[in-house]
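Welcome! Please take a moment to look over the chain below, and then we will walk through it together.

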Amino acid sequence: MNHLPEPVRVVQLPDGTHTYADHLPATYAGPQVVHQHIHQAAPDKTVQRIALGSGVGAGAVAAGVYFGPLLIGALTAIAANIAFLAFLALVLGWGVHTVVKSVGSPEAGAAVKNVAKARRRGR
């Protein structure tokens, strides 16, 4: 069964505009409005079929859509906390190193020099 209307012939008027042949005015007096009816096929459902898959319901898809961004947000927050703690450990380690180096005794300085000499000789 064909539910579409019979096609109507479109003609080009002398001024270059287009119109339906059955809507031609008795005396042409300027540009005409052309209404084109474009019939499209039903939307493709391939993406929906892939998303739902076999045995996966709409609830699982909705849960993925809802909890996916929450999971990404939680992982980002955890990564930011770990990065902050690593930076804090670096700063505290540098501070302890600086304090120990400045407060150290002459014996400690001599020990450092001895270790440096031993390293150079071991090469």
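The bend of a helix at a residue is the angle between two fitted axes, one through the seven residues ending there and one through the seven starting there. With that in mind, note that this is a predicted model. In it, helix α2 bends by about 30° at Phe67, and a proline, Pro69, comes within four residues after that point.

Let us step back to the whole chain. The protein chain holds 3 helices and 2 strands, and reading along the sequence gives the order β-β-α-α-α. Here are some overall values:

| Property of the protein chain | Value |
|---|---|
| Residues that count as buried, of 123 residues | 4% |
| Contacts joining residues at least 24 apart, among those between residues at least 6 apart in sequence | 3% |
| Exposed area | about 11100 Å² |
| Share of the exposed area supplied by carbon and sulfur atoms | 67% |

Now back to α2, which covers residues 58-103. This helix has 46 residues and reaches 67 Å from its first C-alpha to its last, close to the 68 Å expected at 1.5 Å a residue.

What do Leu71, Leu75, Ile78 and Ile82 form on the surface? Together they make a nonpolar patch, with about 400 Å² of accessible area. One of them, Ile82, has its place in helix α2. Is Ile82 buried or exposed? Ile82 counts as exposed because its relative accessibility is 54%, and the cut-off for exposed is over 50%.

Key: Residues are numbered from 1 along each chain as its sequence is written. This is a predicted model: local features need pLDDT of at least 70, side-chain atom pairs count only at pLDDT 80 or more; totals for chains, interfaces and linings use all residues. Side-chain values use heavy atoms; hydrogens and water are left out. Patches are made of residues with over 30% relative accessible area and no salt bridge: like charges are joined within 9 Å, nonpolar side chains (Val, Leu, Ile, Met, Phe, Trp, Tyr) within 5 Å. Accessible areas come from the Shrake-Rupley method with a 1.4 Å probe; for residues, only the protein chains shown count as cover. A salt bridge is a side-chain nitrogen of Lys or Arg within 4 Å of a carboxyl oxygen of Asp or Glu. Buried means under 20% relative accessible area, exposed over 50%, partly exposed in between (1.4 Å probe, protein chains only). Contact means heavy atoms within 4.5 Å. The expected span of a helix is 1.5 Å times one less than its number of residues.
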